[in-house]
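Open the model in your viewer and keep the selection tool at hand. We will go from stop to stop, with something to select at each one.

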Amino acid sequence: MKRWLLVLIAFPAAVAVWSGWVGLGGLCGFGMIHPLPGIVGGFRLNTAITLPVGVEAYGAYALGAWLAPGAVAATARVFARRSAVGALALGMAGQVIYHLLAAAHATRAPWPVVVLVSCMPVVTLGFGAALTHLLRATLPPPARAAVPPAVPIAAGHPALSGPLPPATERPFRASEADRPGQRADRAATAPPDAGMDEARAAYRASVAAGKPLSARALADRYGISRRQTAKITAEKGPALSVVRERDAR
């Protein structure tokens, strides 16, 4: 269907609706005002135009939200359908009331009509804000990149058939403190002299670096007794002799 045909249908309806709402607004007290007194004194505005702009514009907005294809939540679509039908029915009622009053040559509308027409701008504002929030809340989230599923390695794959790579051990550093529970695990699995050997190596390395470890530090770090630490610190070796000769000088 060609869209210019819709213009031929909408134009006469818009003229009739506009004239009807403006005429009804005049009968209900709407008229010329000075919205900017003291700023632009010559600027005037007829408040009767708020009726066709507000009511009919919201009716078209709600109708489009109701009939628009795409992902719209059921709550928003139901609200749009009901409010669109209500706005169209209110527009028809306004046209009927105006033409009845005009045919009767009335100069003012009855007070129930004045109350109804006066509330219409505020009502359309509230409905428009509510529908906008419902439509924004139901927008689909942005698409995320699909992560391909992990493919299991089949039996006989070279990664499973070859020999295991040799395990690499991190070299021991004498300056590192043991983590909680590490000394107990090492004492339970290590041979009896393992703690002594590690403490001896650490003590000699610290002496060679010029910062010998104390007996308490050796005992706490390697889980050995004070007697064993005294034995280690009393031992003689190449590193100790170099340090002592340097101290003697």
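Start with glycine 26, which counts as partly exposed because its relative accessibility is 42%. Glycine 26 belongs to helix H1. Now add threonine 47 to the selection: the two residues are 21 apart in sequence, and their C-alpha atoms lie 8.9 Å from each other. Bear in mind throughout that this is a predicted model.

**The whole chain**

Zoom out and colour by secondary structure. The protein has ten helices and two strands, and from the N terminus the order is α-β-β-α-α-α-α-α-α-α-α-α. Of the 249 residues, 22% are buried. If you switch on the surface, you are looking at about 17,900 Å² of accessible area, with 66% of that belonging to carbon and sulfur atoms. Among contacts with a separation of 6 or more, 64% join residues 24 or more positions apart.

**The core**

Next, select Trp21, Leu24, Cys28, Phe30, Ala109, Val113 and Val117. These are the residues with the most contacts inside the largest nonpolar core, which has 13 residues. Helix H1 (4-27), helix H2 (50-67) and helix H4 (111-137) each give two or more residues to this core.

Stay with phenylalanine 30 for a moment. What does phenylalanine 30 touch, leaving aside residues up to four places away in sequence? Its partners are Gly25, Asn46, Thr47, Ala48, Thr50, Leu51, Val117 and Ser118. Thr47 is a familiar name here, as the residue you paired with glycine 26 at the outset.

**Helix H2 and its view of H4**

Select residues 50-67, which make up helix H2. With 18 residues at 1.5 Å each, H2 should span 26 Å, and the end C-alpha atoms are indeed 26 Å apart, so the expected and actual values agree. Show the side chains of Leu51, Pro52, Val55, Tyr58, Gly59, Ala62 and Ala65: these are the buried residues of H2. Their cover includes H1, H3 and H4.

To look at the H4 side, pick threonine 124, found in helix H4. Is threonine 124 buried or exposed? Its relative accessibility is 16%, and it therefore counts as buried. Beyond its sequence neighbours up to four places away, threonine 124 touches Gly54, Val55 and Tyr58.

Now step to valine 122, also a residue of helix H4. Valine 122 counts as exposed because its relative accessibility is 61%. Draw a distance from its C-alpha to that of glycine 54 and you should read 9.1 Å, for a pair 68 residues apart in sequence.

**Helix H3 and the loop after it**

Move on to residues 74-103, helix H3. Its 30 residues should span 44 Å at 1.5 Å a residue, and since the end C-alpha atoms are 44 Å apart, this helix agrees with expectation. Highlight Ala76, Ala80, Ser83, Ala84, Ala87, Gly91, Gly94, Gln95 and Leu101, which are buried in H3. H1, H2 and H4 are among the elements that cover them.

Follow the chain out of H3 and stop at histidine 105, in the loop between H3 and H4. Check its backbone: histidine 105 has a positive phi of about 55° although it is not a glycine. Most residues other than glycine have a negative phi. Histidine 105 counts as exposed because its relative accessibility is 70%.

**A nonpolar patch on the surface**

Bring the surface back and colour Ile33, Leu36, Ile39, Val40, Phe43 and Leu45. Together they form a nonpolar patch with about 500 Å² of accessible area. Click on leucine 45, which sits in strand S2 (residues 45-46). With a relative accessibility of 32%, leucine 45 counts as partly exposed.

**Last stop: a salt bridge in H7**

How many salt bridges are there to find? The count comes to one. Select aspartate 197 and arginine 200, whose closest N and O atoms are 3.3 Å apart. Both are in helix H7 (residues 194-208), and because they are three residues apart, about one helical turn separates them. Aspartate 197 is partly exposed, as its relative accessible area is 46%.

Definitions and conventions: Residues numbered from 1 in each chain as written. Predicted model: local features only at pLDDT ≥ 70, side-chain atom pairs only at ≥ 80, totals over all residues. Heavy atoms only, no water. Helix = DSSP H or I, 4+ residues; strand = E, 2+ residues; numbered from the N terminus. Buried < 20%, exposed > 50% of the residue type's maximum accessible area, 1.4 Å probe, protein only. Contact = heavy atoms within 4.5 Å. Areas by Shrake-Rupley, 256 points an atom, 1.4 Å probe, with all protein chains shown as cover. Patch = residues over 30% accessible without salt bridge, like charges linked within 9 Å, V, L, I, M, F, W, Y side chains within 5 Å. Salt bridge = Lys/Arg side-chain N within 4 Å of Asp/Glu carboxyl O. Core = buried A, V, L, I, M, F, W, Y, C linked by side-chain atoms within 4.5 Å. Expected span 1.5 Å × (residues − 1).
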